[in-house]
Amino acid sequence: MSVELDVFVGNTTIMDEEVYQFWLDGYTVNDAVKVRMEGGVLEECEASAEVLRSDTMDQYRTFQMCERLLHSPAKLANQLLFQIPPHRQAMLIERYYTFDGVFVREVLGKKLSKGTKKDLDDVSAKTGVTLKSCRRQFDNFKRVFKVVEELKGPLVENIRQHFLLSDKLARDYAAIVFFANNRFETGKKKLHYLTFQDFAFCAGQLIIVHCNHSRVLMRPALIGKEFLQDLKELKILITDKDLLDQHKSLVCTALRGKTKAFNEMEANFKNLSRGLVNIAAKLTNTKDVRDFFIDLVEKFIEPCRSDKWTAGDMRLYLTHYTNSAHILDTFKHQVVWDRYMGVIKSCILKMYHD
């Protein structure tokens, strides 16, 4: 009785990047073989369909055996089972931790728990991302979160060093960790127009300026409590009527003749100012922190959009609104004001799609 065996002998582990992507995307072996055949690989390699299937299965097995190492990327360089060149290792890690924007947008801000994971069937159906890929991406989010949650030091750098990711991908994961830790609301209908990258940009601003400013490096995924307490002092800008009137006068003087939206800016100044300052004051409450993006949209972006401000109008207004506070003699909180408005201005300009 004869037995046929497929045997491969070699040193460097062969990994086809296209097949690796099929595996990451949750394709079955049969689906991957079909796509490879449609791409003309049989003609290129002068191979049979059976050989192509065998090659695909062999690579899938290799990826599955490597997966446990990819959970702790530093181990990949020190293991002896697979001979993988450094540049290939970097590719495997980066692609393994890369995620789909439509997927992360659905889970952003949610608790990285078993309950959320149970809903991935629905997320898969909604986004078109295979369930297997959804689970890999979700588990990666949770893994990174658990490793860096309690670490001292800069959040982005901790992620980059522990998971050997590119700077861009490490920053995206920092945003995911930051949102999961602070439980920001991102699912409301009026926020649907915002992409993950919109939120990631804002998270980056909050992480840099608000989180444990230079003096404190504990729990960098959380907004610093000391800073939040300082924000309460800004309420004087709207509770002191004289200060509010002076601020309005300074801003309107600077804006007059520079924008077609001046009349609306002047008429709505006090409401807009109350909106921005009240957002600062509310951030001391954990529940209100979650509504940060909702508040920005409802209290500032929507009113400006209804008055047909352009992005240029928005930038001009926020610049003068921020700078004019420095001229107010009795306003003593310029440092906190600049930190807060620096972030608010950046976030609003990113979120304002005119």
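This report walks through a predicted model of a protein chain, from its confidence to its helices, core, cavity and a few individual residues.

**Confidence**

Let's begin with how far the predictor trusts its own work. The mean pLDDT of the protein chain is 89, and 91% of the residues reach 70 or more. Helix 20 (residues 311–324) has the highest confidence, at a mean of 97, while helix 3 (residues 41–45) has the lowest, at 72. One stretch calls for care: over residues 212–221 the pLDDT stays under 50, although the model has 26 contacts beyond four places in sequence for these residues.

**Two helices in detail**

Helix 6 (residues 86–97) has 12 residues, and its first and last C-alpha atoms are 17 Å apart, close to the 16 Å expected at 1.5 Å a residue. Its buried residues are Gln89, Met91, Leu92, Ile93, Tyr96 and Tyr97. What do the buried residues of helix 6 pack against? Their partners are helix 1 (17–24), helix 4 (49–70), helix 5 (74–78), helix 10, helix 11 (155–163) and helix 12.

Helix 21 (residues 334–351) has 18 residues, which should span 26 Å at 1.5 Å a residue; the end C-alpha atoms are 25 Å apart, so the model agrees with that expectation. Buried residues of helix 21 include the nonpolar Val336, Trp337, Met341, Val343, Ile344 and Leu349. Gln334 and Arg339 are also buried in this helix.

As background, an α-helix has 3.6 residues a turn, so residues three or four places apart point the same way.

**The nonpolar core**

In soluble globular proteins, nonpolar side chains tend to be buried together. Here the largest nonpolar core has 114 residues, and those with the most contacts inside it are Ile159, Phe293, Tyr317 and Tyr340. Tyr340 is also among the buried residues of helix 21. Tyr317 touches Val251, Leu255, Met265, Phe269, Leu272, Phe300 and Trp309, leaving out residues up to four places away in sequence.

Ile301 sits in helix 19 (residues 292–306). Is Ile301 buried or exposed? Ile301 counts as buried because its relative accessibility is 0%, under the 20% cut-off. Beyond four places in sequence, Ile301 touches Tyr193, Leu296, Ile348, Met351 and Tyr352. Of these, Ile348 and Met351 are buried residues of helix 21. The C-alpha atoms of Ile301 and His353 are separated by 9.2 Å, with their positions 52 residues apart along the chain.

**Buried residues in helices 10 and 13**

Ser133 belongs to helix 10 (residues 131–148). Its relative accessible area is 1%, so Ser133 is buried. Apart from neighbours within four places in sequence, Ser133 is in contact with Leu24, Asp25 and Asp100.

Ala203 is part of helix 13, and with 0% relative accessibility it counts as buried. Beyond four places in sequence, Ala203 is in contact with Ala175, Phe178 and Phe179. Ala203 and Ala174 are 29 residues apart in sequence, and their C-alpha atoms are 8.1 Å apart.

**The cavity**

Rolling a probe the size of a water molecule over the atoms shows where empty space is left. A search of the whole structure finds one cavity of 30 Å³ or more. The largest cavity holds about 40 Å³ of space. Its lining is made of Val104, Val107, Leu108, Gly109, Lys110, Leu112, Phe141, Ile176 and Ala180. Helix 7 (101–107) and helix 12 (167–182) are the elements that give two or more residues to this lining.

**Loop residues**

Most residues other than glycine have a negative phi, and most peptide bonds are trans. Two loop residues with a positive phi are worth a look, and the table sets them beside each other.

| Residue | Phi | Loop | Relative accessibility |
|---|---|---|---|
| Arg183 | about 55 degrees | between helix 12 and helix 13 (196–209) | 31%, partly exposed |
| Lys308 | about 65 degrees | between helix 19 and helix 20 | 68%, exposed |

Another loop residue is Lys232, between helix 14 (225–231) and helix 15 (236–239). Lys232 counts as partly exposed, at 42% relative accessibility. In sequence Lys232 and Lys282 are 50 residues apart, yet their C-alpha atoms are 8.1 Å apart in space.

Definitions and conventions
Residues numbered from 1 in each chain as written. Predicted model: local features only at pLDDT ≥ 70, side-chain atom pairs only at ≥ 80, totals over all residues. Heavy atoms only, no water. Helix = DSSP H or I, 4+ residues; strand = E, 2+ residues; numbered from the N terminus. Expected span 1.5 Å × (residues − 1). Buried < 20%, exposed > 50% of the residue type's maximum accessible area, 1.4 Å probe, protein only. Contact = heavy atoms within 4.5 Å. Core = buried A, V, L, I, M, F, W, Y, C linked by side-chain atoms within 4.5 Å. pLDDT = per-residue confidence, 0-100. 1 Å grid on protein atoms, 1.4 Å probe; cavity = no way out; pocket = protein on both sides within 12 Å on 5 of 7 lines; lining within 4 Å. Points joined across faces, edges and corners; volume = space filled by probe spheres on them.
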